[in-house]
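User: Please take a close look at one part of this model, the larger of its open sheets by strand count, and work outward from there to what surrounds it. I would like a connected account rather than a list.

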Amino acid sequence: MAVFFCDTDCELWYTTAKELGVKVIPMPYTVDGEERLYDLGENTDLKAFFDRMRAGAAVSTAGLNPQTYIDIFEPYFKAGEEVLYVAFSSRMSNTFSYLDTAIAELKAKYPDAKYRRYDTLNISMGAGIMVYLAAKFFNAHGGDVDATCAYLDTLVQNVAVLFVVDDLKFLARGGRLSPAKAKIGNVLQLKPVLYVNKEGEIDVLTKQNGFKKAMSFIVSEFARKYRPVEGAPVVIVGADCDGYVAELRSRIEPEAGGAEIIVQPVGPVIGAHCGPGTYGIIFTAESR
C-alpha cells in the first residue's frame, strides 16, 4: 500500500486535500515570535494575519526540524507502506536538508521502506495544481508511485505562476529585496511581475509602471501561454485583496475557454514573504 503526502506550501485548500485523501505536512510560520503551523485554511484567520502584517507585526518562516519529519513519517515506514511526498520547490527552503537527515535516519531503522519525494519546482498553487492532478491520478491508478511520478514529469515544466506584489517593503523585510530598492520602487509605483522559473526559483519577469499595466501584462501572458490540461483548473490567488482578485478574474474569464476558475487566498507561509495585496494566477501552459 502507498500513501500520498503534500505540504501546506502547496496551498491546496483543506477540503480538497481531505477529499483526495492526501496526508498533509503543516509548514511553520511565526507572528511576533509565536510559531504556528498552517492548516490549509481550515482554522486560520487569513484576514487577521494580513491585518497584522499591515500593522507592522514581525512575521517569518522556518524549516521543520528533523525530529518533526521523523514523527510524521515513521508510522508509515514502520507499517511498511510506500510513501510518495509531492513537495514544494527545494530551491526555496533549507527545510529539505532537515528532511533528508530524517529520512536517512528512518531508512537506517527501516531498510526495506520505500520513500520518494517529488520536487514540483514550484510553490503556492503552482505546486498545488500538481498535487491536485497527481493525487487524482494516484487514486485512479491504485497508488502506483512510479506511474504517478512519470505523470508528474509531464507537468513539471508546464505549470506557470505569475504574481504581483503590492508593496515591496514586505519583500525587503524577508531579505528578498534591499530596503533602498523597495523604497525607490514604491515611490516610482513599480510593480514587478514575478514568476517561478524552470529551476524552481522566484524571478522577475518584468517591471510595470503601476497596477493597471501589471495586471494587463499578466492577462496578456495568460492569453499567450495558456494550454489546457484535462482536469486542471485556472487558479487565481490573493492576499486579502478581493478587489484585485475580482478584476483579474473578470479579465481572465474571456481568455480561459470555459475552463474552471478557482479563487482562493494566499496562505500565511507564502504571505509572510509577499505581503498583503499580492495577487496572481496559476495555470497550465506551454512552458513556465
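Analyst: What follows starts with one sheet and then turns to a cavity, a second sheet and a pair of helices. The model is a predicted one, and the account should be read with that in mind.

The sheet in question is an open one of 6 strands, arranged in the order β10-β9-β8-β13-β11-β12, and its pairing is mixed. At its edges stand β10, covering residues 202–209, and β12, covering 261–265, each of which pairs on one side only. On average, and with direction ignored, neighbouring strands of this sheet are turned by 20 degrees against each other. Within the order given above, strand β8 (residues 159–164) and strand β13 (residues 279–284) run antiparallel and are joined by 6 bridges; one residue pair that can be located here is Ala-160, whose bridge partner in β13 is Phe-283. Helix α9, made of residues 211–225, lies across β8, β9, β10, β11 and β13, and its direction is at about 5 degrees to that of β13.

Several residues of these elements return when one turns to internal space. The structure holds 1 cavity of 30 Å³ or more, and the largest cavity has a volume of about 30 Å³. Its lining consists of Val-164, Val-165, Asp-166, Lys-191, Phe-211, Tyr-244 and Tyr-279, a set that divides into 5 nonpolar residues, no polar ones and 2 charged ones. Strand β8 spans residues 159–164 and strand β13 spans residues 279–284, and Val-164 and Tyr-279 are both among the lining residues.

Elsewhere in the chain there is an open sheet of 3 strands, in the order β4-β3-β5 and with antiparallel pairing, whose edge strands are β4 (34–37) and β5 (59–61). Neighbouring strands in this sheet are turned by 25 degrees against each other on average, direction ignored. Strand β3, residues 28–31, is joined to β5 by 3 bridges, and Val-31 stands opposite Val-59 in β5. This sheet too has a helix across it: α2 (residues 46–54) lies across β3, β4 and β5, running at about 50 degrees to β3.

The remaining contact is between helices. Helix α5 (residues 125–140) and helix α6 (residues 145–153) pack at an angle of about 145 degrees with their axes 9 Å apart, in a right-handed crossing. From α5 the contact draws on Met-130, Leu-133, Ala-134, Phe-137 and Phe-138, which meet Val-145, Ala-147, Thr-148, Tyr-151 and Leu-152 of α6; these residues divide into 9 nonpolar, 1 polar and no charged.

Key:
Residues numbered from 1 in each chain as written. Predicted model: local features only at pLDDT ≥ 70, side-chain atom pairs only at ≥ 80, totals over all residues. Heavy atoms only, no water. Axes fitted to C-alpha atoms, helices over the stretch in contact; angles between N-to-C directions. Helix = DSSP H or I, 4+ residues; strand = E, 2+ residues; numbered from the N terminus. Left-handed = near helix turned anticlockwise from the far one by under 90°. Contact = heavy atoms within 4.5 Å. Nonpolar A, V, L, I, M, F, W, Y, C, P; charged D, E, K, R; others polar. Pairing = 2+ DSSP bridges. 1 Å grid on protein atoms, 1.4 Å probe; cavity = no way out; pocket = protein on both sides within 12 Å on 5 of 7 lines; lining within 4 Å. Points joined across faces, edges and corners; volume = space filled by probe spheres on them.
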